[in-house]
Amino acid sequence: MTEDRISRRRLLTGALAGLAAVPAATLIARDARAATEVSETEEAAKSVGYVTDAKRVNAATNPTYKPGQTCANCFQYTGAAGSAVGPCRIFPNKTVKAAGWCKVWVPQQS
Ligand code: SF4
């Protein structure tokens with residue numbers, strides 16, 4: 001009977017440890033997906049005119065663009081200050097270059 005209790009206790013402990021590991025594994029997987037950088041050639045990026053370097057924005061075809069606008073100072077950007085890349089709300093689970101730009105650029109709220 002005692003061995004049964006120990007066995008059940010170990011089983012329960014193992015199951016709880018397994019359950020605790022699931023959220024951690026989910027977070028790790030989410031981080032790995034977030035690390036995928038948006039490519040200028042993918043359809044979603046092309047549809048909003050995303051470029052990895054705002055200095056390459058064609059002002060003739062993007063009249064809303066103003067020098068100084070970059071992903072780093074866009075409301076949609078959620079990357080850490082000073083980082084070279086970070087997440088963008090319009091590209092779920094991906095990152096964009098902080099120096100990039102697209103037609104969806106909106107100023108950060110102060
Ligand atoms: Fe960059 Fe903003 Fe466009 Fe996202 S929405 S790609 S942060 S300019």
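Where does Phe91 lie? Phe91 lies in strand β2. We will come back to that residue.

A few ground rules. This is a predicted model, where local features need pLDDT of at least 70, side-chain atom pairs count only at pLDDT 80 or more, and totals for chains, interfaces and linings use all residues. Residues are numbered from 1 along each chain as its sequence is written, and side-chain values use heavy atoms, with hydrogens and water left out.

Now the outline. The protein has two helices and two strands. Their order along the sequence is α-α-β-β. Helices here are DSSP runs of H or I with at least four residues, strands are E runs of at least two, and numbering starts at the N terminus. The protein has 110 residues, and 21% of them count as buried. Buried means under 20% relative accessible area, exposed means over 50%, and partly exposed is in between, with a 1.4 Å probe and protein chains only.

What about contacts? A contact means heavy atoms within 4.5 Å. Take the contacts between residues at least 6 apart in sequence: 61% of them join residues at least 24 apart.

Next, the ligand. Where does the ligand sit? It sits in the largest cavity. A cavity is found on a 1 Å grid over the protein atoms alone, as a set of points where a 1.4 Å probe fits but cannot get out. Sitting there means that more than half of the molecule's atoms lie within 2 Å of the grid points.

Which residues surround the ligand? They are Tyr50, Cys71, Cys74, Gln76, Tyr77, Cys88, Ile90, Phe91, Trp101, Cys102, Val104 and Trp105. Each has a heavy atom within 4 Å of the ligand, as that is the cut-off for being near a molecule. By class, this shell holds 11 nonpolar residues, one polar and no charged ones. Ala, Val, Leu, Ile, Met, Phe, Trp, Tyr, Cys and Pro count as nonpolar; Asp, Glu, Lys and Arg count as charged; the others, Gly among them, are polar.

Look at Gln76, part of that shell. Gln76 is in the loop between α2 and β1. Is it buried or exposed? Gln76 counts as buried because its relative accessible area is 17%. Leaving out residues up to four places away in sequence, Gln76 touches Pro87, Cys88, Arg89, Ile90 and Val106.

On to the core. In soluble globular proteins, nonpolar side chains tend to be buried together. A nonpolar core is a set of buried Ala, Val, Leu, Ile, Met, Phe, Trp, Tyr and Cys residues joined through side-chain atoms within 4.5 Å. The largest one here has 12 residues: Val38, Ala45, Val48, Tyr50, Cys71, Cys74, Tyr77, Cys88, Phe91, Val96, Ala98 and Cys102. Apart from it lies another core, of five residues, including Ala54, Val57, Tyr65 and Trp101.

Two members of the largest core deserve a stop. Beyond four places in sequence, Tyr77 touches Cys71, Ala72, Ser83, Val85, Gly86, Pro87, Cys88, Val96 and Ala98. And here is Phe91 again. Phe91 is buried, because its relative accessible area is 5%. With the same four-place exclusion, Phe91 touches Val38, Ala44, Ala45, Val48 and Val96. Phe91 and Val38 are 53 residues apart in sequence, yet 7.6 Å apart in space, C-alpha to C-alpha.

Staying in β2, residues 91–97, we meet Asn93. Its phi is near 65 degrees, a positive value in a residue other than glycine. Most residues other than glycine have a negative phi. Asn93 is partly exposed, because its relative accessible area is 41%.

Back to the loop between α2 and β1 for Asn62. Asn62 has a relative accessible area of 9%, so it is buried. Leaving out residues up to four places away, Asn62 touches Val57, Trp101 and Lys103.

Asp53 lies in that loop too, between α2 (43–47) and β1 (85–88). Its relative accessibility is 29%, so Asp53 counts as partly exposed. Beyond four places in sequence, Asp53 is in contact with Ala99 and Gly100. The C-alpha atoms of Asp53 and Lys97 are separated by 7.4 Å, with their positions 44 residues apart along the chain.

Last stop: Lys46, in helix α2. Lys46 is partly exposed, because its relative accessible area is 48%. Neighbours within four places aside, Lys46 is in contact with Glu40 and Thr41.

How values were computed. On a 1 Å grid over the protein atoms alone, a cavity is a set of points where a 1.4 Å probe fits but cannot get out, and a pocket is an open set with protein on both sides within 12 Å along at least five of seven lines; lining residues have an atom within 4 Å of a point.
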